[in-house]
Amino acid sequence: MRMSYTRQLLIERPDIPRVAIGILVAIMLFGLFSVGFDQGQLFSLVEGKEAFDSNWLHEFVHDMRHAAGFPCH
Amino acid sequence: MRSLPFLLVTLVSGAVAGTILGIVNLGVVEPYIDKAIQLETQNEIRAGENVNTDEMAGYRIWQKSGEIVGGIVYGISLSSLFGIVFAYSRNSLPGNNVKVKAILLASIMCFVLFIVPSLKYPSNPPAVGDPDTIYYRQSLFVAFLVISGASALGVTALIKKINQTVSKKVAIACTIYGAIIIVSYLAMPSNPDKISISMNLVEAFRLVSAATIVMFWEILGATYGTLWNRFNRQNLKKVTAF
């Protein structure tokens with residue numbers, strides 16, 4: 001008696017998309033700087049020196065910055 | 001996994017974990033921040049400074065309103081890093097269950113990037129940090145963070161090249177990493193700011209905020225693993241052999 005069978009294999013593609021890695025690196029650096037380190041620098045790009053006094057972004061993420069363990073004033 | 005699902009899994013899991021972190025922080029961390037700011041304001045009034053309480057109240061509303069958005073940005077930025085590390089290390093992590101692997105990696109990253117730096121430079125509530133030392137403190141914090149992260153990465157690369165059993169590799173990795181961290185801990189300067197408010201408040205704040213960050217990492221790992229399983233099925237190439 002002749003037997004036949006079908007076998008299915010699932011093969012995972014090993015490639016990691018480098019464009020996606022680059023995008024994630026950019027998001028990570030921008031996000032961490034915004035939440036953890038900005039002292040007015042980001043908004044000073046459009047607002048000028050006034051941004052260092054108003055600290056709009058810094059104050060907006062102020063409580064999360066403290067809670068996440070970043071140094072703050 | 002292709003770019004779009006990979007980005008989607010990474011960013012969505014970070015946004016989910018970050019949103020939960022923001023909501024939980026509003027309930028459990030905010031009371032300590034409020035209390036610290038209240039003490040800071042009282043100290044300023046006692047010192048004879050002119051404090052505009054209406055302006056302060058407005059500031060607090062603005063600061064609290066950013067808690068969830070801040071959590072989302074924080075979550076997405078850390079999930080971006082997590083996604084990169086997971087993409088490169090998932091085949092080296094023990095076990096076959098992707099969700100368990102993601103939770104394990106999240107736990108390791110939480111230890112390396114949050115718990116270890118916190119041992120040297122713990123989080124502080126408002127009223128502790130001196131604005132004049134902010135850049136110095138940021139430099140110290142980043143230096144310790146980089147030392148911890150780079151050491152973990154270097155040790156992982158090193159033990160991959162060693163021909164030993166898994167348990168011995170783990171023991172070697174922990175020993176080298178631990179030695180680097182202990183030396184760095186002793187060598188690096190302490191936080192220069194004096195704590196002038198109640199230590200009970202500071203310690204309670206540190207404990208509660210650390211608990212929510214640990215929770216964040218675990219949610220990130222679990223969500224990431226779940227979404228990875230769901231989206232990665234599309235990228236499995238079906239091969240039929242006779």
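Here are a few worked exercises on helix α8 of chain B and its surroundings, in a predicted model.

Some ground rules: residues count from 1 along each chain as its sequence is written, and chains are lettered from A, ligands numbered from 1, in the order in which they are written. Local features need pLDDT (the predictor's confidence in each residue, from 0 to 100) of at least 70 and side-chain atom pairs 80 or more, while totals for chains, interfaces and linings use all residues; side-chain values use heavy atoms, leaving out hydrogens and water.

**Exercise 1.** Work out what chain B is built from, and how it runs.

*Solution.* Start with the tally: eight helices and one strand. (Helices are DSSP runs of H or I with at least four residues, strands runs of E with at least two, numbered from the N terminus.) Next, read along the sequence: α-α-α-α-α-α-α-α-β. Finally, the C-alpha trace spans about 85 × 40 × 25 Å along its principal axes.

**Exercise 2.** Compare the span of α8(B) with its expected value, then look at its start.

*Solution.* Helix α8(B) covers residues 199–232, which is 34 residues. The expected span is 1.5 Å times one less than the number of residues, giving 50 Å here. From first C-alpha to last, α8(B) reaches 48 Å, close to that. At the start, a side-chain oxygen of B:S198 comes to within 3.2 Å of the backbone nitrogen of B:N200.

**Exercise 3.** Describe how α5(B) and α4(B) each pack on α8(B).

*Solution.* Take α5(B), residues 98–120, to begin with: its axis and that of α8(B) come within 8 Å and cross at roughly 150 degrees. (Axes are lines fitted to C-alpha atoms, for helices over the stretch in contact; angles run from 0 to 180 degrees between N-to-C directions.) The two are therefore roughly antiparallel, a label for angles over 145 degrees. Contacts (heavy atoms within 4.5 Å) include B:A106 and B:C110 on α5(B), and B:W217 and B:G221 on α8(B).

Now α4(B), residues 67–89: its axis lies 11 Å from that of α8(B), at about 55 degrees, so the pair is oblique. Among the residues making this contact are B:L78 and B:F82 of α4(B), with B:W217 and B:G221 of α8(B).

**Exercise 4.** Place B:S190 and find its contacts.

*Solution.* B:S190 sits in the loop between α7 (166–187) and α8 of chain B. Leaving out residues up to four places away in sequence, B:S190 touches B:K120, B:Y121 and B:L140. As for B:R137, 53 residues away along the chain, its C-alpha is 9.1 Å from that of B:S190.

Notes: A polar contact is a pair of N or O atoms within 3.5 Å; within protein, one must be able to donate a hydrogen and the other to accept it, and residues adjacent in sequence count only if both atoms are side-chain atoms. Angles under 35 degrees count as roughly parallel, over 145 as roughly antiparallel, 65 to 115 as roughly perpendicular and the rest as oblique.
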